Amino acid sequence: MSDITFTYTVAAVDEAARCMEVIYTSAGRQTMHIGTRLPFEGESIEDVIMAFAPIAFWKEQVLSVIVPVIGLTGEITVPEFPAFMSVIVAPENQPIVSGAQEL
């Protein structure tokens, strides 16, 4: 897939609500109006623009889809603590070590 170049315009800002509307445009792709948060102190506007850019959406638009059969059902079990939510607790005054790296 090729690079995506886009332009943006801040169309509205609501300082009290701490948000703004950004219009993203890219040649040959759907123009997107996206509500984003305002940048925090020390953060650039470009950081926020990139964080909310519809890159994944635009890339998905050219992919083929698989259409499910109407009435399809299923069941999914989610572990109480999925691996991505694991927490490591070290004994008091003991460093947590991951491989050869001390955290």
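**View 1. Residues F6, Y24 and W58 form one aromatic cluster.** The model shown here and in the following views is predicted. A search of the whole structure finds 2 aromatic pairs. One of them joins F6 to Y24, with a distance of 5.6 Å centre to centre and an angle of 55 degrees between the planes, and is classed as tilted. F6 belongs to the segment before β1 and Y24 to strand β2, so this pair ties together parts of the chain that are 18 residues apart in sequence. F6 and Y24 are both buried, that is, under 20% relative accessible area.

**View 2. The ring of F6 also pairs with that of W58.** The centres of the two rings are 6.2 Å apart and their planes stand at 55 degrees; the pair of F6 and W58 is therefore tilted. Distant parts of the chain are linked by this pair, since F6 lies in the segment before β1 whereas W58 lies in helix α2 (residues 55–60), 52 residues apart. Both partners, F6 and W58, are buried.

**View 3. An open sheet is built from 3 strands in the order β1-β2-β3.** The pairing in this sheet is antiparallel. Strands β1 (7–14) and β3 (32–37) occupy the edges, and each has a single partner strand, so one side of each is left without a neighbour in the sheet. From one strand to the next, the twist averages 25 degrees. Strand β2 spans residues 19–25 and pairs with β1 in the antiparallel sense over 7 bridges. Within the sheet, A12 stands opposite E21, a residue of β2.

**View 4. Residue I23 and its surroundings in strand β2.** Which residues does I23 touch, when residues up to four places away in sequence are not counted? The contacts of I23 are T7, Y8, T9 and A11, together with T31, M32 and H33. I23 and I49 are 26 residues apart along the chain, and their C-alpha atoms are separated by 9.8 Å.

**View 5. A salt bridge joins E43 and R37.** The closest N and O atoms of E43 and R37 are 2.8 Å apart. A search of the whole structure finds 1 salt bridge. Both partners are assigned by relative accessible area, for which values from 20% to 50% count as partly exposed. E43 has a relative accessible area of 23% and is thus partly exposed. R37 is likewise counted as partly exposed, at 28% relative accessibility. R37 falls within the range of β3 (32–37), one of the edge strands of the sheet.

**View 6. The whole chain, given as context for the close-up views, comprises 2 helices and 5 strands.** How do these elements follow one another along the sequence? The chain has the pattern β-β-β-α-α-β-β. Of its 103 residues, 16% count as buried. The accessible surface of the chain comes to about 8700 Å², and carbon and sulfur atoms account for 58% of that surface. Among contacts between residues at least 6 apart in sequence, 32% join residues at least 24 apart.

Notes: Residues are numbered from 1 along each chain as its sequence is written. This is a predicted model: local features need pLDDT of at least 70, side-chain atom pairs count only at pLDDT 80 or more; totals for chains, interfaces and linings use all residues. Side-chain values use heavy atoms; hydrogens and water are left out. Two strands pair if DSSP finds at least two bridges between them. Helices (H or I, at least four residues) and strands (E, at least two) are DSSP runs, numbered from the N terminus. Axes are lines fitted to C-alpha atoms, for helices over the stretch in contact, and angles run from 0 to 180 degrees between N-to-C directions. A salt bridge is a side-chain nitrogen of Lys or Arg within 4 Å of a carboxyl oxygen of Asp or Glu. Buried means under 20% relative accessible area, exposed over 50%, partly exposed in between (1.4 Å probe, protein chains only). Contact means heavy atoms within 4.5 Å. Accessible areas come from the Shrake-Rupley method with a 1.4 Å probe; for residues, only the protein chains shown count as cover. Rings of Phe, Tyr and Trp (its six-membered ring) pair if their centres lie within 6.5 Å; planes under 30 degrees apart count as stacked, over 60 as edge-to-face and the rest as tilted.
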